[in-house]
Amino acid sequence: MRLYLLPISTRRTLLYCQRLNTGAVEKQTLSDRIQTKVVRTWADWERKEDGVQKKIVNWGNYIFRRIPYEEWGLKSVPPLSQSRKEAELRGTEKVEVVYPESLLAKDKVSTILEKLATEREGLHKQRLLWCFIGMPITAPIGILPVVPNLPFFYLAYRAWSHWKALSGGKHIKFLLQNNLLTLTPSPIVDAVYANQKYPLPSTPEPTTNPGAEKLGGLDSSPDIKTPNPEGETMLLSQANGKKMTQALDLPQLEVELERAIWQVETAIKKRNEELGSHTPQPESDDATTVKQEDKKSQ
């Protein structure tokens, strides 16, 4: 198993887990088989041109994009089963943490992981409880022969999602408590950040809670431009996020980075609007490309 810590802004970091040697530690669980089936069905529905199924997919993708990226990150970490726990304690299942040394100080990596594993724990427990309360209330809608019971399926999915996030956080806490993580600075990841073009969206006040620390390696990194040292500045654009997935040869990471970058950019824009900031924000790479193509077509 390999964990990636990829800073999105000077205050926020994406966690992503890559499973290695799937099946070597334990057999696929019932939950994993159901998840695989749902993913295949969803992909089939996405290929449809119209109809109810296509509308459900469009609605679902709209919802998925707004689920916090921190939750998706924890969900990528497999639950801590008994067989996996024994394998990790014996050392037969290694857990590596890949991070950019230019942005994250080595002595801060464990702190960041612990924060990501625990800061939303209370929220997930609360939302899981509300989903369990709401599911029996929405179940009777399924009696209607024409209308799909979307409220029930949504609550069921969110309940599973919160449980997965809680399980992932529990697994990370176990690894930290037993000192089972191997920290591995990545020159490949550092190179992607070093090639990032600036300026990027920024705000004079953080979008996180007031106690959130900024990344440890910013002051010593000459490549990072932070116009608001006490606030928050993006560190990755959408274009560079795609380069990251290509450099790491992790195509499945692309959607996670795209979602996280979009969410943080949106939060920074909203914070600037709240502060009444009229400072023009840099356009995204995608917007710049569209404008260039429009000029060429004229």
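1. Strand β2 is covered on both faces, with T13, L15 and C17 buried on one side and L14, Y16 and Q18 buried on the other. The coordinates come from a predicted model, and the remarks below should be read with that in mind. In a regular strand, side chains alternate between the two faces of the sheet. The count for β2 agrees with the list of names, since six of its six residues are buried and the strand is described as mostly covered.

2. The setting of this strand is an open sheet of four strands in the order β2-β1-β3-β4, and the pairing within the sheet is mixed. The edges are taken by β2 (13-18) and β4 (181-185), each of which has a single partner strand, so one side of each is left without a neighbour in the sheet. Neighbouring strands in this sheet are turned against each other by 20° on average, with direction ignored. For β2, then, a reader should keep two statements apart: the strand stands at an edge of the sheet, and yet both of its faces are covered.

3. The partner of β2 deserves a closer look. Strand β1 (residues 2-7) runs antiparallel to β2 and is joined to it by six bridges, and the two strands form a hairpin with five residues between them. Within this pairing, L3 stands opposite C17 of β2, while L5 stands opposite L15 of β2. Both C17 and L15 belong to the side of β2 that also carries T13.

4. Which helix packs on the sheet, and which strands does it touch? Helix α5 (residues 106-118) does so, touching β1, β2, β3 (95-99) and β4, and its direction makes about 95° with that of β1. The buried residues of α5 are V109, I112, L113, L116 and A117. Seen down the axis of α5, these residues fall within an arc of 130°, so they line one face of the helix. Their packing partners include strands and helices, namely β1, β2, β3 and β4 together with α3 (69-75) and α7 (150-177).

5. Helix α4 (residues 82-90) offers a second case of one-sided burial, with R84, A87 and E88 buried. These three cover an arc of only 95° around the axis, which puts them on the same side of α4. The buried residues of α4 pack against β3 and α7. Two of the three buried residues named here, R84 and E88, are an arginine and a glutamate, and a colleague may wish to inspect them in the model. Just after α4, G91 takes a positive phi of about 95°.

6. The aromatic residues make up a further topic, and the count comes to four aromatic pairs. F64 and W72 form one that is edge-to-face, at 6.1 Å centre to centre and with 85° between the planes. W72 has 14% relative accessibility and is therefore counted as buried, the limit being under 20%. Y157 and W160 form a tilted pair, at 5.8 Å centre to centre and with 40° between the planes. Both residues of this tilted pair lie in helix α7, three residues apart, or about one turn of the helix. Y157 counts as partly exposed at 21% relative accessibility, and W160 is likewise partly exposed, with a relative accessible area of 24%. Ring pairs link F64, W72, Y157 and W160 into a cluster.

7. Two arginines are placed over tryptophan rings. The charged end of R259 sits over the ring of W72, 3.9 Å from its centre, so that W72 takes part both in this arrangement and in the edge-to-face pair with F64, by the 6.5 Å limit on ring centres. The charged end of R65 sits over the ring of W262, 4.2 Å from its centre.

8. Helix α7 also contains L150, which counts as partly exposed at 28% relative accessibility. L150 and G60 are 90 residues apart in sequence and 9.9 Å apart in space, C-alpha to C-alpha.

9. For the chain as a whole, there are eleven helices and six strands. Buried residues make up 40% of the 298 residues. Among the contacts with a separation of 6 or more, 80% are accounted for by residues 24 or more positions apart.

Key
Residues are numbered from 1 along each chain as its sequence is written. This is a predicted model: local features need pLDDT of at least 70, side-chain atom pairs count only at pLDDT 80 or more; totals for chains, interfaces and linings use all residues. Side-chain values use heavy atoms; hydrogens and water are left out. Two strands pair if DSSP finds at least two bridges between them. Axes are lines fitted to C-alpha atoms, for helices over the stretch in contact, and angles run from 0 to 180 degrees between N-to-C directions. Contact means heavy atoms within 4.5 Å. Buried means under 20% relative accessible area, exposed over 50%, partly exposed in between (1.4 Å probe, protein chains only). The arc is that of the directions from the helix axis to the C-beta atoms. Rings of Phe, Tyr and Trp (its six-membered ring) pair if their centres lie within 6.5 Å; planes under 30 degrees apart count as stacked, over 60 as edge-to-face and the rest as tilted. A charge sits over a ring if NZ of Lys or CZ of Arg is within 6 Å of the ring centre and within 35 degrees of the ring normal.
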